[in-house]
Amino acid sequence: YILNPDTDDCQACPVGLECDGTASYTNKVGASVWTSVGQQLRLQSCPDGYLTVNNVTDPADQECRPCDAGSHCTSSPCTECTPCPPGYYKGGSGTDQCVACPVGTYNAETGAASAGLCLACPVGSVTAQPA
C-alpha cells in the first residue's frame with residue numbers, strides 16, 4: 001500500500017489488512033482500529049476476545065488474532081492468550097472464553113483444549129458448576 005503517492009514509499013501490507021496497492025485497505029477483523037503513522041498503518045486496537053499482535057520491528061506483522069484452543073483473552077486490550085485454568089477448556093481457535101467442565105467432571109491441568117479432557121470425578125466425590 002501507499003498512503004501518500006506523491007511523498008511515500010510503498011509499504012508491505014500488514015497481515016490484518018487487505019490492501020489494494022493504494023491508500024485503500026479493508027480490515028480483516030471488522031472492528032479493529034488502524035491509524036496512519038507517517039508512511040505506515042499501525043494497529044491501535046482489536047475487538048474483545050482478539051489478541052492484539054502489534055510488532056513494532058516488523059510493521060507487516062500486525063493483526064487481530066483469535067486465541068488457540070486451550071487459551072483465551074482475559075483482559076482488554078489482550079496482549080497475550082492465557083491458558084484455560086484447571087476445570088475449564090476451550091475446544092478450538094476463536095474469541096470465546098474457556099468454559100467450565102460439565103458438573104461431575106474435573107480437569108486438573110491448565111490449557112485444556114477439549115471437553116474430553118474433563119474426567120469423571122472419582123467415586124464418592126462431585127464437582128459443582130463454578131460461580
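These legends go with a set of views of a predicted model, starting with the whole chain and then moving in on individual residues.

**Figure 1. The whole chain is an all-strand affair, with twelve strands and zero helices.** Read from the N terminus, the elements simply go β-β-β-β-β-β-β-β-β-β-β-β. The C-alpha atoms take up a box of roughly 75 × 25 × 20 Å along the principal axes. The radius of gyration is 20 Å, while a compact globule of 131 residues would come in near 14 Å. As for what touches what, take the contacts between residues at least 6 apart in sequence: 34% of them link residues at least 24 apart.

**Figure 2. Here is the surface of the chain, together with its charges.** About 7,400 Å² of the protein chain is accessible, and carbon and sulfur atoms account for 53% of that area. Of the 131 residues, 33% count as buried. The chain carries 4 positive and 13 negative charges, and the mean positions of the two sets sit 4 Å apart.

**Figure 3. S36 is a strand residue with an exposed position.** Look for S36 in strand β3, which covers residues 33-37. S36 counts as exposed because its relative accessible area is 51%, and the cut-off for that label is over 50%. Setting aside residues up to four places away in sequence, S36 touches L3 and L41. L3 is 33 residues from S36 in sequence, yet the two C-alpha atoms are 8.1 Å apart in space.

**Figure 4. D48 and S76 meet through their side chains.** D48 belongs to the loop between β4 (40-45) and β5 (50-54). With a relative accessible area of 62%, D48 is exposed. The two residues are 28 apart along the chain, with 6.2 Å between their C-alpha atoms. Their side chains make a polar contact at 2.8 Å.

**Figure 5. A cis peptide bond sits between S76 and P77.** Most peptide bonds are trans, so a cis one is worth a look. Omega at the bond joining S76 and P77 is about 5°. P77 itself is in the loop between β7 (71-72) and β8 (82-83). S76, on the other side of the bond, is the residue whose side chain pairs up with that of D48.

**Figure 6. N107 is a buried loop residue with plenty to list around it.** You'll find N107 in the loop between β11 and β12. Why does N107 count as buried? Its relative accessible area is 8%, and anything under 20% gets that label. A polar atom of the N107 side chain lies 3.0 Å from the backbone nitrogen of E109. Leaving out neighbours within four places in sequence, N107 is in contact with P86, G87 and Y88, with C101, and with A112, L117 and C118.

**Figure 7. A115 lies in the loop between β11 (105-106) and β12 (119-120).** N107 is placed in the loop between β11 and β12 as well. A115 has 34% relative accessibility, so A115 counts as partly exposed. P102 is 13 residues away from A115 in sequence, and the C-alpha atoms of this pair are 8.3 Å apart in space.

Key: Residues are numbered from 1 along each chain as its sequence is written. This is a predicted model: local features need pLDDT of at least 70, side-chain atom pairs count only at pLDDT 80 or more; totals for chains, interfaces and linings use all residues. Side-chain values use heavy atoms; hydrogens and water are left out. Helices (H or I, at least four residues) and strands (E, at least two) are DSSP runs, numbered from the N terminus. Buried means under 20% relative accessible area, exposed over 50%, partly exposed in between (1.4 Å probe, protein chains only). A polar contact is a pair of N or O atoms within 3.5 Å; within protein, one must be able to donate a hydrogen and the other to accept it, and residues adjacent in sequence count only if both atoms are side-chain atoms. Contact means heavy atoms within 4.5 Å. The radius of gyration is taken over C-alpha atoms; the globule rule is 2.2 Å times the number of residues to the power 0.38. Accessible areas come from the Shrake-Rupley method with a 1.4 Å probe; for residues, only the protein chains shown count as cover. Lys and Arg count as positive and Asp and Glu as negative; His and the chain ends are not counted. The place of a charge is taken as NZ of Lys, CZ of Arg, CG of Asp or CD of Glu.
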